[in-house]
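Hi everyone, thanks for making the time. Let me put the sequence and the structure up on the screen, and then we can walk through the fold together.

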Amino acid sequence: MTADQNLDSGLPIRLLHDRVLVRTENGEGERRSTAGIVIPATAAMGKRLAWATAVGVGPNVRAVVAGDRVLFDPDDRSEVELQGRAYVLLRERDVHAVAAERVEKEHGSTGLYL
């Protein structure tokens, strides 16, 4: 997939420059801990980063491709609605990390990709 193609077919936009369009994975509702305990959405927590899936990238994005899972700060985001679905528009520099599955296949087993 080239840098200007979209993972979600039929997105009515073409991303420019260093922009990354992502679809968030979880809502802001309650969460479940690894032990199975339900944590309500109203529970106070420290600053928490969020995971999302990149669905489109601009032509100047170097480290993210469509389909990657990316880690970003949900407080620094611009939301956009396209064809009834909510997406988040980020700059590549606002992406803190890319999940290591793709990186391990391409570069060996480094485990880290920042």
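Let's begin with a question: in which sense do strand β4 and strand β5 pair, and over how many bridges? They pair in the antiparallel sense, over 4 bridges, with β4 covering residues 50–57 and β5 covering residues 69–72. Please keep in mind that this is a predicted model.

If you look along β5, you'll find Leu71, which stands opposite Trp51. On the β8 side, Leu71 has Ala97 as its bridge partner. β5 and β8, the latter being residues 95–98, run antiparallel and are joined by 3 bridges.

Now for another pair. Strand β1, residues 19–24, runs antiparallel to strand β7, residues 85–91, and 4 bridges join them. Here Val20 is matched with Leu90 in β7.

Let's put these pairs together. They belong to an open sheet of 6 strands, ordered β6-β7-β1-β4-β5-β8, with antiparallel pairing. At the edges sit β6, residues 78–82, and β8, each pairing on one side only. On average, neighbouring strands in this sheet are turned by 45° against each other, ignoring direction.

Stepping back to the whole chain, the protein has 8 strands and 1 helix. In sequence order, the pattern reads β-β-β-β-β-β-β-β-α, so to speak with the helix at the end.

And some overall values to finish. The protein has 114 residues, and 29% of them count as buried. Of the contacts between residues at least 6 apart in sequence, 64% join residues at least 24 apart. The exposed area is about 7,600 Å², with 48% supplied by carbon and sulfur atoms.

Methods. Residues numbered from 1 in each chain as written. Predicted model: local features only at pLDDT ≥ 70, side-chain atom pairs only at ≥ 80, totals over all residues. Heavy atoms only, no water. Helix = DSSP H or I, 4+ residues; strand = E, 2+ residues; numbered from the N terminus. Buried < 20%, exposed > 50% of the residue type's maximum accessible area, 1.4 Å probe, protein only. Contact = heavy atoms within 4.5 Å. Areas by Shrake-Rupley, 256 points an atom, 1.4 Å probe, with all protein chains shown as cover. Pairing = 2+ DSSP bridges. Axes fitted to C-alpha atoms, helices over the stretch in contact; angles between N-to-C directions.
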